Each structure stands twice: as structure tokens, then as C-alpha cells.
Amino acid sequence: MGSLKIFHNGKIATNSKPYFVEAIAIEDGKIASVGRNSEILRLKTPDTKIVDLKGHTVIPGLNDSHLHIIRGGLHYNLELRWDGVPSLADALRMLKEQAARTPAPQWVRVVGGWNEFQFAERRMPTLDEINAVSPDTPVFVLHLYDRALLNAAALRAVGYTKDTPNPPGGEIQRDKTGNPTGMLIARPNAGILYSTLAKGPVLPYEDQLISSRHFMREMNRLGVTSAIDAGGGFQNYPSDYKVISELHERGEMTVRIAYNLFTQRPKHEIEDFQNWTSTTKLFQGDQTLRLNGAGEMLVFSAADFEDFLEPRPDLDGVLEKELERVVQHLAAQRWPFRLHATYNESIERFLNVFENVNRDVPFNGLHWFFDHAETVSDRNIERIAALGGGIAVQHRMAFQGEYFVDRYGAAAARRTPPIRRMLELGVPVGAGTDATRVASFNPFVSLYWLVSGRTVGGLELYPEENRMSREEALKLYTQGSSWFSTEDGSKGGLYPGQLADFAALNGDYFGVPEEEIKHLESELTVVGGEIVHASNDFMTMAPPALPSAQDWAPTGHYGGYHSEVSSSTAIHTHRCDIHVRHAALQNKLGEAIWGLGCDCFAF
């Protein structure tokens, strides 16, 4: 048996009854007991490690139902994040500074997590502005699923000229003389955006290891302890999983990851899944890293990626035949699967296929689900429920709601997606972000969207009946998401038998004004009873500093999600390193006091 650890003097949300407790005891990485301070402290022995939560609100560790965390980690230290940056002037200043320090042949990349409605100026940067702040260093700025802006140096780097033809499904915008302007337009899919991004240099392997650890530490700062990785374009198995596998072997993962396998070969999808089901074992791994099933891409003919600046795409007539073959194989192998689905018209066709397969190969309790489902109808929710499926919802509408309203109207936006109806009909629902290339990876922005019904730009999308209470939203982001990795019953709550994953926040999630929810973060994050992040009130408990990123890396200067705490780049630049060095000094003092018999310091 492992030694007992007690966390006490908190406002601890359990996702059970009683909903709030003051203290928890942990043994062998799981919750052993919960209750009042006096009850739990009576359990201590001379070896018990005790942590005073100092009145902080504690929530179960957040579990993102749809996060591209593996791919995001490989590139995190390459990317300049505009997530949460309040003005275009700030964003362009950051871009100019980063261009000046980025060495050739690297690019400056702004890859998702922002939109123009978050800026005080309420507009996009222009190509002229991007060229002005970076005349020589290649710059690639991705905007949602609809476009990318490249400066002249980036156009030269990728080799796009007057003679370059438009690829299928995309447009290279041109001036009157036929030369590329630097604007790439997804019409109707994002293939041109991602294939162009893939032309840029990548980090060396050792730096990918560091980058992935930095991304997980950033997720820990935001209270995330688990994520379900949805694969993604240009994320090949097993080559692009070597980094996360090595970190797992080293014991250096701080976010639990269940990953899905995403086919990369149009017209050869069935071959990929036949290969993977014969050469891998479902759920191989452990509670830190495990294979979760197939998707979110099952066949390319069924890809209905949303771009609300463009009409709804008409999917290929061959999708039924191709999708049926893949789903029949997965169901026969008892492999869970997920499928990206934005529009009800697409979901209607997908469900026709699933019902046909179910008649021959019953799903019979198999965990399968749709991702997104923004415009799903009540009738199709009923069909999903009848087949035992779930729906993973993400806050993409918080970033694209204004575009949806412009195209389809405010009335249609009132239930995008209809989460309340999903819950009423008994469909499992898990919350997440779909980060990093469209929405931000910050879970508190997603929780804010669920509770307030507003976009990051402040547009009210949903009436009260399609909003979640704070307790409901938290449950979707914890217990709800656990169903989607077939781990329901083992994580998502803080009560006996559950994994000891939780976060002590810098504000009371249940009591702060609604607008402040999106600015919350964790001051103490624990995974399996071990501290993986600590700051501010818990600085002395901080884990060792991570290896540094390359000195030019954007994350070393600006961090990940923009922090409202720091008012200047100079303060923000090295705040994490300064905190960790300060914590190391305090830890030495703490160890000395611990040696005198005090039980109030961290382990």
C-alpha cells in the first residue's frame, strides 16, 4: 500500500453526494476517503503527507473530450499563440518581436485558437500589416477552418507563384496580374491550409520531447489532467506517436491521454483500419497512455468540415459505401469509433449507414460517438440514443458563432449544438475544445461558453434553456468525457475509488461573476496524487523546472494562453521560469522544516 496523502481545508467539488467536502485522503493514486477536515485528518499517521488547500475551490481534473494534444505538443514551442490576446495591436507587436528573433529557416506560425472578435479592433490583420512587421521571416497565420495569411517570405518558402495551380478544394488568392497575394482560402475544405502548414520546418526530435512536455504543463496550468486525442491530419501512426510513447516510458507525462487512430489515406481507409486492428491491441497501454479506438476521420468522403463563410458542403455520393465497409469492420472487431460531423444533413446519412451495419453486426454497447454535431436534429439525437452512441461537444461556436449567425440566422444558432436536448434524451455528452487549430485549448473558455452561451466576442448565442449550470458544465468536462474513452466509473469525480486527479483554482468557479470564468486557472494540479503544477499560494510545491525550449521559441517569451495577470510582455516572458526557481529555493526551506516534524508542507 502507498503512503497516505491528505489535502484539507478546501472547497472540494466531488461530482457526487455530498457535492462539497473539505478534505480528501489519497492512497495509491486514488481517492480513499472524503469528508470534513476533522474526519480526514484523524486518518493521518507519522508518514502522512498533508497539504493545506488554503480555502481554494478544488474541482475534479478536467478531461477534454476532443483535443489534438499529441500533434499540438509536437509543435507547441514553434507556435506564437494569440489565444486570449485582447487586441490586434498586441498580436501584431508579438508577431513583429517574434519575427525578429526567429532564425532561418524557421517560420513564425500562428495556428488557431483566436478570432478577430476577441480583439478590441474587431478585425483581422491585413496582409500589408503582416508583411510590414515581418518582411523577411516567413509568417503563416491560420484563421479557423477558412483561410490562412502568408507574408511574401512565406510564399517564397512554400514556392507558390503565378504558375502554381489551385489544389482541389482550395484557392490561392491572386492579384490582378495573377500573382499570389498571400491569402489561402479553404473552398470547401481546409486541405490547402494544412498541407501548406506542413511544408514548414519541424522541431528536432529532442525538442519535440521538450515541446510536448511544455504543452502538457500548460494544460496542467489550466486544470487539465486528461484528454482524448482525436488524431488529426498529418498525424501518422506510429511515427508521430514516438515522442508521446517515449515520454510515457520515461514517466514524464502529466496529462493522461487516450488516443484514436485517424486514417491519412483517401480511398485506402479500410486498409489502414484492417492493419491497425490486426497489429495493435485495443486499449493497449495503461491509464496514462492508451489506445482508444478509431477516428475522428473514418473515410475522407464523409468529411464535412465546417466553414460558415462557405455553404454547407455536399458530401461525395460514395460515402455510404466507403463508410459502411469501415464501420462494419470496426464493429466486428469491437473497436470504439468517433466521427467528425458538423451538419445534420451529414449526420442523417451517417446514421443510415450505422443503422444498416447494426442490423448485421450489432453495436450492442460499443462506445461510438459523433464529434461536434452543431446542427443535429431532435430526431437524429433519438437515433443516436437508440444505437447507444454519444456526442462529444466542443466550443467551436464560441469562435465561429458570428459567422454562423450571418449565414443561417440567430434563430438557427439558438441550438448549436442542442446540448440540453441531448441530455434529456439520455445521450452521453462530453465537453472539450477541438484545439489547437480552430478553438483555444483553454478549458475555462469552453466552460464559459457552456454556462453563458456567448462567443469569445460576447455575442449571445443561446437562450437560457440551452445553457448549462456551472455544475452541469463541470460534469460534462469531467465525468461526461470519461465515457468517451471507456473509462466511465474510474475518473471524473472526487470520491472513493476515483483516480486522484484534481485542480485547486485561483478563484471560485461556482461563485465568480460569469465573465471571470474564462480567466480562471489552476494554482495546484494533481494527477494520480502527484503534483504536476503549482503556483502562487502553492509555489513551494512546484515540480522541477522543465528543460528549456530553444531561446527563440515563442512560448518562452509569451507562454501559451494569454495571461491577464501580467500587463507587459517583459513581465510575462519568463514568469514560469522565475516561479520555478523561486519555488526551488522555498522547497529547500520546506524540506528543512519538514525535517523538524512539521506536517504542513507539500510532498
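This is a short chat about a predicted model of a protein, its confidence, one of its sheets and its cavities.

Reader: Hi! What is the mean pLDDT of the protein?
Author: The mean is 93, and 93% of the residues reach 70 or more.

Reader: Nice. And where is confidence lowest?
Author: That would be helix 19 (residues 569-573), with a mean of 33. At the other end, strand 21 (residues 502-505) has the highest confidence, at 99. Over residues 566-603 pLDDT stays under 50. Where pLDDT is low, the predicted coordinates should not be read in detail.

Reader: Okay, new topic. What is the strand order in the open sheet of 6 strands?
Author: The order is 3-2-7-21-22-23, and the pairing is mixed. Strand 3 (20-21) and strand 23 (530-534) are at the edges with a single partner strand each, so one side of each has no neighbour in the sheet.

Reader: How many bridges join strand 22 to strand 23?
Author: There are 4, and the two strands run antiparallel. Val527 stands opposite Glu530 in strand 23. Helix 7 (residues 205-221) packs on the sheet, touching strand 22 and strand 23, and its direction makes about 85° with that of strand 23.

Reader: Cool! Now cavities: how many are there of 30 Å³ or more?
Author: The count is 6. The largest has a volume of about 70 Å³, and its lining has 2 nonpolar, 7 polar and 2 charged residues.

Reader: And what lines the second largest cavity?
Author: Its lining includes Ile69, Phe215 and Ile257, and it divides into 8 nonpolar, 2 polar and 1 charged. Helix 2 gives the largest share, 4 residues.

Conventions: Residues are numbered from 1 along each chain as its sequence is written. This is a predicted model: local features need pLDDT of at least 70, side-chain atom pairs count only at pLDDT 80 or more; totals for chains, interfaces and linings use all residues. Side-chain values use heavy atoms; hydrogens and water are left out. Two strands pair if DSSP finds at least two bridges between them. Contact means heavy atoms within 4.5 Å. Axes are lines fitted to C-alpha atoms, for helices over the stretch in contact, and angles run from 0 to 180 degrees between N-to-C directions. pLDDT is the predictor's confidence in each residue, from 0 to 100. On a 1 Å grid over the protein atoms alone, a cavity is a set of points where a 1.4 Å probe fits but cannot get out, and a pocket is an open set with protein on both sides within 12 Å along at least five of seven lines; lining residues have an atom within 4 Å of a point. Grid points are joined across faces, edges and corners, and a volume is the space filled by probe spheres set on the points. Ala, Val, Leu, Ile, Met, Phe, Trp, Tyr, Cys and Pro count as nonpolar, Asp, Glu, Lys and Arg as charged, and the others, Gly among them, as polar.
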